[in-house]
Each structure stands twice: as structure tokens, then as C-alpha cells.
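Trainee: Could we go through this one together? I'd like to ask how each label is earned.

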Amino acid sequence: MSITASSDKGHTVQPNKQQLLNRLKRIEGQVRGVQKMFENEQYCVDILHQISAVQAATIKVSLALMEDHTHHCVVNAIEEGDKDKAIDELMDVMKRMVR
């Protein structure tokens, strides 16, 4: 079971939901652009630059989501006495992100 803030049946209310959705939509457009570049046989280095931009954008979304999670879910779990569980879960997520 995960630690969640404002949770109902495993769903968490995201405080920056619209901002993150907008970023994800931009990333989706970037990925489509990379596909088109590949289909059009554009220069490999140019494609790799765009892939790098997509990776950077997804990392920014991940960090923003982690920040929200820490400020809301982890803080609430600590206040409710689930400190060790919240920290363990946060560390698991961080370890997965840096692989």
C-alpha cells in the first residue's frame, strides 16, 4: 500500500494536476516530432538532441511530482505516525528514478 494525501480508493488529488498534464502533453508532442524526424530520415544527431530534450522534460515532470508527493503525502504520513513507511516508499521511488 502506498502513502497518499487526499486519497480515495488509491487515487490521489494532485495539487498541480493541470500544470503537469500540460507538460505531459508537450512531451507527447515532442515524442511525435521525434517519430516524424525518424520517419523522414533526418540526421541522427538532430534526433538524439530531441530525444535528450524529451528525457529532460520527463525528468522535470518526475521531480515536480516527487516534490508534490513529499510536501503532501509524505508530510501527512509522518503526521499520522507512518514516518518509516513514508520514508521507505520515498526512498524506493528515488532509487527507481536514478537507475
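Mentor: Sure. Keep in mind that the model is predicted. Let's start with helix H2, which bends by about 35 degrees at Thr70.

Trainee: What makes that a bend of H2 at Thr70?

Mentor: The bend is the angle between two fitted axes, one for the seven residues ending at a position and one for the seven starting there. At Thr70 that angle comes to about 35 degrees. End to end, H2 covers residues 44-79, and its first and last C-alpha atoms are 51 Å apart, close to the 52 Å expected.

Trainee: How do you know what span to expect for H2 at 1.5 Å a residue?

Mentor: You multiply 1.5 Å by one less than the number of residues. H2 has 36 residues, and the expected value is 52 Å. Helix H1, residues 17-39, has 23 residues and reaches 33 Å, close to the 33 Å expected.

Trainee: Why is Cys73 called buried or exposed?

Mentor: Buried means under 20% relative accessible area. Cys73 has 6%, so it counts as buried. Cys44 has 55%, and the cut-off for exposed is over 50%, so Cys44 counts as exposed.

Trainee: How many disulfides does a search of the whole structure find?

Mentor: Zero. A pair of cysteine sulfur atoms would have to be within 2.5 Å to count.

Trainee: What makes Ala86 buried?

Mentor: Its relative accessible area is 0%, and the limit is under 20%, so Ala86 is buried. Ala86 lies in helix H3, residues 83-97. Its C-alpha is 5.5 Å from that of Val74, although the two are 12 residues apart along the chain. Val74 is itself one of the buried residues of H2.

Trainee: Asp68 has no salt bridge; how do you know?

Mentor: A salt bridge needs a side-chain nitrogen of Lys or Arg within 4 Å of a carboxyl oxygen of Asp or Glu. For Asp68, the nearest side chain of opposite charge is Arg23, 9.1 Å away. That is beyond the 4 Å limit, so Asp68 has no salt bridge, yet it is buried.

Trainee: Which residues is Asp68 in contact with, leaving aside its neighbours within four places in sequence?

Mentor: Gln14, Pro15, Asn16, Leu20 and Cys73. Leu20 is a buried residue of H1, and H2 is among the things covering the buried residues of that helix.

Trainee: Why is the pair Arg32 and Glu28 called a salt bridge?

Mentor: Side chains of opposite charge can pair when their charged atoms come close. The closest N and O atoms of Arg32 and Glu28 are 3.2 Å apart, within the 4 Å limit, so the pair counts as a salt bridge. The structure holds one salt bridge. Both residues lie in H1, four residues apart, about one turn of the helix.

Trainee: What makes Arg32 and Glu28 partly exposed?

Mentor: Partly exposed is the range between the 20% and 50% cut-offs. Arg32 is at 47%, so it counts as partly exposed. Glu28 is at 42% and therefore counts as partly exposed as well.

Trainee: And how do the elements of the chain run from the N terminus on?

Mentor: The order is β-β-α-α-α, with three helices and two strands in the chain. Of its 99 residues, 20% count as buried.

Note on methods:
Residues are numbered from 1 along each chain as its sequence is written. This is a predicted model: local features need pLDDT of at least 70, side-chain atom pairs count only at pLDDT 80 or more; totals for chains, interfaces and linings use all residues. Side-chain values use heavy atoms; hydrogens and water are left out. Buried means under 20% relative accessible area, exposed over 50%, partly exposed in between (1.4 Å probe, protein chains only). Lys and Arg count as positive and Asp and Glu as negative; His and the chain ends are not counted. Contact means heavy atoms within 4.5 Å.
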